[in-house]
Amino acid sequence: MPEGIFDKVVKIAQSRGFVFNASSIYGGLRSSYDYGPLGVLLKNNIARLWWDSINDLDVQIYPVDTAIIQSSEVWKASGHLAEFTDPMVDHKPTGERFRADQVPEDIKKEDLTEPRQFNLMFETNIGPVKNENSAVYLRPETAQGIFVNFENVLRTMRAKIPFGIGNIGKSFRNEITPGQFIFRTREFEQMEIEFFCDESEEDKWFDYWIENRLNWYRNLGIPENKLRVRDHDKSELAHYAKKTSDIEFDYPWGWGELEGIANRGNFDLNAHQENSGKELSYFDPNNELKYIPSVIEPAGGLTRTLFAVLLSLYEEEELEKETRTIFKFNFDLAPIQIGILPLSKKDELITVCGEINATLRSMFRTEIDITQSIGKRYRRQDEIGTPYCITVDFDTLEDKSVTVRNRDTMQQERIKIEDLSDYFNNI
Ligand code: ATP
């Protein structure tokens, strides 16, 4: 990774419109971020590639989009009300608060209070009366929304085991020590699958999902040497997990989790069956047996992946007179796929740009970029990771052709306007 990459990527993310500090006109809110135009496009692309990849499988994965606010019974059954806690310590001289395992190295142990358990769920109330009965929680994971819909999906889709249910959406955790830009925030997006299978096949599907999810990260363009799988040892396992492995990314500060793959056994369905009194078992028509299936859960972070993608695909290239900075997004992932640039601000060139845009924009993510010199505009498009730029010049008015510039090779070729759709469709 280029030196100082963390600061460089954060700076471009903010200056080019990927991610802004939330409430910035009021001085910002610590560890809260807004996604700007390019950030939304990139995040949507990552989410789309996630849905596409699970749609392509031989096994069926059904999509759901579940509520952020669920009945508090959900969190009672899942164990979150009792167990979703982190040990917290206070630094006595300053009153600063840290997660017990994330105290900065320069702080002396004797200056810290004894650890206390702190529940990470954000509590709020529904309705006009604020009391114990109106307390609800912002979901700390999307997974439970899937478990409580297991029976709904099973029945309405006539699902047959093995099958999965996928959910993407916002989750909220009142993290004691958020930080490292969008790596750890209190409001973030998750992409989770609960995959229901027979208990005898837990290990097979666990291995399947590790390989499947690793491949997905590779296909985003994250290099092999920046990814690893780390198995949790027994002491690390969450209360529901029989076995967990993390897919980790080599962040500038060291290895950190991108996604956790857990064998949750039948903990959750059992717990919800017990707490709700509703039967949550599966009837296997082949052997006429009824059972509560096991679950393998690949639980990834959408916003955390977006950051890993930015860090992985940022490159610097020394040119004769300057350094060129590039996000090497592949064509599918790039927020803008094709920049359309008039050589100068002349009306007749801008009109042609508009005509080209009108044909391409229904198939591709395009942008007309008019302001500044052509050189500066190429640099901007490189910096936001646009794989191709079309330049409309004065010859275009005569020969009905444009120059197409490739971001990575900087090679330019002359293409007829009428051939542009085919050209980009064949990439
Ligand atoms: P960590 O150990 O980093 O706190 P976790 O093991 O608690 O993460 P999970 O509960 O397994 O995380 O959540 C699944 C995924 O959701 C994580 O792999 C991560 O990508 C994402 N995620 C979890 N917490 C956050 C957060 N505070 N900010 C951004 N993404 C998060």
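This is a short walk through one predicted protein model, mainly two of its helices and a few odd backbone spots.

Okay, quick ground rules. Numbering starts from 1 along each chain as its sequence is written. Since the model is predicted, local features need pLDDT of at least 70 and side-chain atom pairs count only at pLDDT 80 or more, while totals for chains, interfaces and linings use all residues; side-chain values use heavy atoms, with hydrogens and water left out.

So, the overall picture. We've got 13 helices and 23 strands, where helices (H or I, at least four residues) and strands (E, at least two) are DSSP runs numbered from the N terminus. The C-alpha trace spans about 75 × 65 × 50 Å along its principal axes. Of the 427 residues, 49% are buried; buried means under 20% relative accessible area, exposed is over 50%, and partly exposed is in between, with a 1.4 Å probe and protein chains only. As for contacts (heavy atoms within 4.5 Å), take those with a separation of 6 or more: 65% of them join residues 24 or more positions apart.

Now for the helix pair. H2 covers residues 37-55 and H7 covers 202-219; they pack at an angle of about 140 degrees, axes 11 Å apart. The axes are lines fitted to C-alpha atoms, for helices over the stretch in contact, and angles run from 0 to 180 degrees between N-to-C directions. That angle makes H2 oblique to H7, given that under 35 degrees is roughly parallel, over 145 roughly antiparallel, 65 to 115 roughly perpendicular, and the rest oblique.

Who actually touches whom? From H2 it's Ile46, Leu49, Trp50, Ser53 and Ile54, and from H7 it's Trp209, Arg213 and Trp216. Keep the helical repeat in mind here: with 3.6 residues a turn, residues three or four places apart point the same way.

Let's take H2 by itself. Its 19 residues should span 27 Å at 1.5 Å a residue, and the end C-alpha atoms are 27 Å apart, so that agrees; the expected span is 1.5 Å times one less than the number of residues. The buried residues of H2 include Leu38, Leu42, Lys43 and Asn45. And what covers the buried residues of H2? Among the elements doing that are E2, E9, H7, strand E10 (187-197) and helix H9 (302-313).

H7 behaves too: 18 residues, 26 Å expected at 1.5 Å a residue, and 26 Å between its end C-alpha atoms. Its buried residues include Glu202, Asn212 and Arg213 alongside Trp205, Phe206 and Tyr217. After H7 comes Gly221, with a positive phi near 105 degrees.

On to the backbone oddities. Most residues other than glycine have a negative phi, and most peptide bonds are trans. Ser23, though, has a positive phi near 55 degrees; Ser23 sits in the loop between strands E1 (19-21) and E2 (33-35) and counts as partly exposed at 37% relative accessibility. Met410 has a positive phi as well, near 60 degrees, in the loop between E22 (401-406) and E23 (412-416). At 27% relative accessibility, Met410 is partly exposed.

Then there's the cis peptide bond from Ile161 to Pro162, omega near 5 degrees. Pro162 lies in the loop between helix H6 (150-157) and strand E9 (163-172).

One last spot: Glu288, in the loop between E14 (282-284) and E15 (289-291), is exposed at 60% relative accessibility. Its C-alpha is 65 Å from that of Leu341, and the two residues are 53 apart along the chain.
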